[in-house]
Each structure stands twice: as C-alpha cells, then as structure tokens.
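Work through the exercises below with the sequence and the model side by side. Each one sets a task and then solves it step by step.

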Amino acid sequence: MSKVISKDGTSIAFEKSGNGPTVIVVDGALCSRAFGPTPKLVPLLDNNFTVVTYDRRGRNESGDTAPYTVEREIEDIEALINEIGDSAYIIGFSSGAALAFRAAASGLSIKKLAMYEAPYVMNMGGHNPPADTAEQLKQLIATERRSAAVKFFMKDMVGMPGIISAIMSLLPIWKKLKAVAHTIPYDAAIMDGFTIPTALAAKINIPTLVMNGSKSPVSLRNASKKMSEVIPNAQYQILAGQTHDVSMKVIAPELISFFKS
C-alpha cells in the first residue's frame with residue numbers, strides 16, 4: 001500500500017498491480033480496496049494494465065478532510081494520475097462511475113472512460129430516491145445514527161426491500177458498512193439529485209463505454225442508455241444476465257477490449 005497527498009492535504013491510500021497502461025478503478029458507495037468488487041477485478045486486468053485501486057476519502061486507510069466537496073474527490077483522482085503517470089484509463093462502478101464521469105468532464109488527463117450503471121435514476125422509471133436524500137443523510141450522520149444511514153441507503157436510495165437490510169444488520173458485514181456510513185452523503189453529493197447531468201456530459205471528449213446489466217432494475221438500465229445518448233460518441237453495451245452487482249469475470253474482458261482498442 002502506498003499513499004499520495006491530494007491538493008487539500010488529504011492522504012489517499014492506493015495500490016498498483018501489473019504492467020502496462022494505467023487503469024484507475026473507482027468504487028461505488030461503501031466500498032474500498034479491501035471491500036467490494038475491486039479485489040476480484042485486479043487479477044483479471046493486471047496482465048494487460050497497471051491497475052490502480054484506492055480508498056476513496058473517508059474510507060479504509062485514506063484520510064478525510066472537512067469540509068467535503070465533490071471537487072476534492074476529483075482532485076484525489078488527479079493526484080493519483082500525477083503520481084503514477086501522465087494519463088490513465090478509468091472505470092467506475094455505480095456512484096463511482098458518476099465520480100469518474102465528473103473527473104473526465106473536469107478535464108483531467110483521462111484517455112478513456114468506462115462506466116457501469118451510474119445511478120442517475122430520477123424519473124427513469126422504477127424506484128426513485130427521495131428528493132431530500134442529501135438532507136436526510138446529513139441528519140442521520142450528524143446524530144451518529146450510522147445503522148439507520150446504511151438502512152436508508154439500501155432501502156430508500158437503492159430500493160432494496162426493507163427485509164434485506166434488516167437481515168444484513170445481523171451479519172458481521174454490518175460493522176464494515178457502519179464504519180464508512182459517514183461517506184454515504186459524499187455519494188449523494190456526487191449524484192446531485194440523481195438526474196442526468198447533460199451539460200457535463202457534453203464536455204466529455206474522450207472515448208466512453210457505458211454499460212448496464214440486462215437484469216438490473218429498469219431505472220438503472222434506462223439511465224445507462226440515456227447517458228450513452230448524451231455523452232458525445234459514447235458506446236453502449238448491455239451485459240447479458242448481469243445485475244447491479246456485476247460479475248468481474250464478465251466485465252473484465254469488455255474493459256480489456258475497450259481500453260486496448
């Protein structure tokens with residue numbers, strides 16, 4: 001594990017594996033280098049690329065300097081690019097895809113962008129998060145109601161049945177989720193109302209691959225399709241049989257093909 005210092009002085013923990021062009025992996029909500037899809041993806045890519053995984057600020061071994069802004073997270077990605085090379089490919093999952101998208105739109109030295117199901121779901125059919133999501137999350141975290149924040153994320157933001165979060169709260173994994181519950185408002189800030197940011201999309205001038213699973217909720221499928229239409233010259237791909245919890249073995253060949261093409 002190594003660390004890089006972001007522009008505001010925050011220490012960002014990262015690892016790199018493999019050889020070749022750099023690919024930065026951006027996790028979604030509650031995930032980190034040690035928890036989520038990243039550990040399974042790295043060995044599937046590192047024969048072709050130098051794969052960089054990192055802990056988004058506030059998670060695992062990275063610092064967390066207040067006040068939070070989305071711009072600080074973009075600066076974290078910029079610090080990683082500057083530390084490892086002159087440019088990078090980038091793949092983001094869920095809200096991490098929205099963060100990667102915003103980083104590309106900001107003009108960072110990103111050669112290609114791949115996105116899997118950025119949850120710009122408002123008014124896309126199916127489940128919609130509450131309009132006051134950000135405010136509710138801030139209140140829950142301010143009053144140290146971490147379990148309630150995680151349940152709110154699962155049920156109200158994602159749309160899982162309440163019984164799922166109730167069962168998960170009894171499992172050992174719940175402790176890990178509570179530990180990073182304070183970062184859920186960060187993801188809500190990145191999503192900015194969960195509506196597609198068409199003005200930002202117009203600023204994307206690099207090859208982009210937008211993906212979703214064929215079995216994902218209709219709102220996520222519709223959002224991905226719409227994103228591919230508003231980003232100039234974006235490719236759109238449906239991964240057969242996949243859900244929001246995409247198999248790394250299924251998505252890895254698509255990433256290799258896209259980044260190497």
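**Exercise 1.** In this predicted model, find the kind of link in which the side chains of Arg 57 and Asp 76 meet, and say where along the chain the two partners lie.

*Solution.* Begin with the two side chains, which meet in a salt bridge with an N to O distance of 2.8 Å. Next, place the partners: Arg 57 belongs to the loop between β4 (50-54) and α2 (70-84), while Asp 76 is in helix α2. The two are 19 residues apart, and the pair thus links distant parts of the chain. Finally, consider the surroundings, where both Arg 57 and Asp 76 turn out to be buried.

**Exercise 2.** Decide whether Arg 72 and Glu 75 are each buried, partly exposed or exposed, and describe how their side chains meet.

*Solution.* The side chains of Arg 72 and Glu 75 form a salt bridge, again described from N to O, at 2.8 Å. Because these residues are 3 places apart in helix α2, about one helical turn separates them. For the second step, recall that buried means under 20% relative accessible area. Arg 72 has a relative accessible area of 23%, and is therefore partly exposed, whereas Glu 75, with 14%, falls under the cut-off and is therefore buried.

**Exercise 3.** Carry out the analysis for Lys 225 and Glu 229, and then turn to the salt bridges of the whole structure.

*Solution.* Lys 225 and Glu 229 both lie in helix α10 (residues 218-230), 4 residues apart, or about one turn of the helix. Their side chains meet in a salt bridge of 2.7 Å, N to O. Lys 225 has a relative accessibility of 35% and counts as partly exposed, and Glu 229, at 48%, also counts as partly exposed. Across the whole structure, a search finds 12 salt bridges. Glu 15, Arg 33, Asp 55 and Glu 61 are linked in a network of such bridges.

**Exercise 4.** Identify how many residues the largest nonpolar core has, and which helix gives the largest share of it.

*Solution.* The largest nonpolar core has 65 residues, and those with the most contacts inside it include Ile 24, Tyr 54 and Phe 101. Helix α3 (residues 95-105) supplies the largest share of this core, with 8 residues. Apart from this core lies another, of 23 residues, among them Val 51 and Leu 239. To look at one member of the largest core closely, take Ile 24: leaving aside neighbours within four places in sequence, Ile 24 is in contact with residues including Val 52, Tyr 54, Leu 80 and Ile 91.

Methods: Residues are numbered from 1 along each chain as its sequence is written. This is a predicted model: local features need pLDDT of at least 70, side-chain atom pairs count only at pLDDT 80 or more; totals for chains, interfaces and linings use all residues. Side-chain values use heavy atoms; hydrogens and water are left out. A nonpolar core is a set of buried Ala, Val, Leu, Ile, Met, Phe, Trp, Tyr and Cys residues joined through side-chain atoms within 4.5 Å. Buried means under 20% relative accessible area, exposed over 50%, partly exposed in between (1.4 Å probe, protein chains only). Contact means heavy atoms within 4.5 Å. A salt bridge is a side-chain nitrogen of Lys or Arg within 4 Å of a carboxyl oxygen of Asp or Glu.
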